Amino acid sequence: MLINACDPIFNANIQLDGSCISREDYSVENLISSDVELRKKGFLCETFIRPPISLTFSFPFAFDIKYVVIGTRVGGQKSSGFQIWAGRSNNMQKICSVVTNNEMIVFHDNSTDLSTFGNNYEKCCFNISASRNIRSAEKLSVGIFKTANSIPAIGKLEIWGKVSCSVPKEIRQSITRNWEESKIPKQIQKQINTQLITEKNTDPFIMCDDFLDSITYEVMTCPMVLPSGKYVDRSTIEKCIEHDTVYGRTPCDPFTGIPFTDKLRPIPLPELKGRIDSFLIKHADDDNIKCIPRAVGKHSFSFYTERQTKKAKVQCSTCNSNCNLYYLPCKHLQCRSCLKTEKIKCNVCHSDFNRNQIEKYHENH
């Protein structure tokens, strides 16, 4: 059974090497944190840090590495060049290296089943000589030697494999048992939720945090990502820039105070906008959506107004003709051909009237 050594239940250790400094709230410990929100944030270096940088993960037990998954993006920051070292503390060797534009990378051995990884994954096989270093490994280092005109960033880190055979059998069994027990409740809860959703035959209304402006907490109409990785609406950042300009300040990231430059600036997110619009359209009839002051995702009221205000068909109450119509005092209509006698009787209300009491009907009446 494969386990993820970065799972919080193992209380592993991870640290930056050398003089590298992580940005506040984007510590390298986020990658193995038990807090889901911190793990989602990922790791970012300070803005003045440039590649190369490296971080080292220390296994809590001897570990046979099967494959390593790395997310390369955090907000608008993206790393593109990676190197992996592995082995014992006194014998770390480079086992693979890659440069990619993909947002996900999987470093793997020759026996890994890659069918579970989609086309958005860059796949990089370990070096032929890496077999000695990925067996009974004590440490694994991830190096970033290139970025996409940004600061070094890692959005996700998973190290999958097995507990080494060099670990006593009792300890191996205990580790495996703890791993299985930690996953069973989540699987059961997922099955329960799936069953409830199926019974109700409806999708639960859950507003994704990514859809909300990090400053106003309102649904974004034109989402943008700041250099700090926060999502804000274009109108919000325009107000921030306008406010800075009024006070003679250089426009900057409202979360970090770092001035915008050609490389560090808000970037539009058309993919996120598409997700937001699709979500609002899907839940257009939900009360939570109806209160959102947006046109996207709501019904077009002009269509219904047109139907409701459409004029009724005007015709004679006797023969249904629509030519040469006259108003009777009772406000019903009759055509000229039906008005033949001195006494006129309404075919609807059966009231009798004289000819001098009728009026010509005009279309714009």
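Strands here are DSSP runs of E, at least two residues long, numbered from the N terminus. The model on screen is predicted.

**Stop 1: the E5–E6 hairpin.** Select residues 73-74, which make up strand E5. Two bridges join E5 to E6, and the two strands run antiparallel. Show Arg73 and look across to E6, where Lys78 stands opposite. Now select the turn: E5 and E6 form a hairpin with two residues between them. Gly75 lies in this turn and has a positive phi of about 60 degrees.

**Stop 2: strand E6.** Extend the selection to residues 77-88, which is E6. Is this strand mostly covered or mostly uncovered? E6 is mostly covered, with ten of its twelve residues buried.

**Stop 3: on to E7.** Add residues 91-99, strand E7. E6 and E7 pair in the antiparallel sense over eight bridges. One pair to display is Arg88 with its bridge partner in E7, Asn91. E6 and E7 also form a hairpin, with two residues between them.

**Stop 4: strand E10.** Select residues 137-147 to see E10. How many bridges join E6 to this strand? There are eight, and the strands run antiparallel. Show Gln83 and find Gly143 opposite, in E10.

**Stop 5: cysteines.** A disulfide is a covalent bond between the sulfur atoms of two cysteines. The structure holds zero disulfides. Select Cys240, which is in no disulfide; the nearest cysteine sulfur belongs to Cys252, 8.4 Å away. Finish at Cys330, which counts as partly exposed because its relative accessibility is 21%, and buried means under 20%.

Terms used:
Residues numbered from 1 in each chain as written. Predicted model: local features only at pLDDT ≥ 70, side-chain atom pairs only at ≥ 80, totals over all residues. Heavy atoms only, no water. Disulfide = S-S within 2.5 Å. Buried < 20%, exposed > 50% of the residue type's maximum accessible area, 1.4 Å probe, protein only. Helix = DSSP H or I, 4+ residues; strand = E, 2+ residues; numbered from the N terminus. Pairing = 2+ DSSP bridges.
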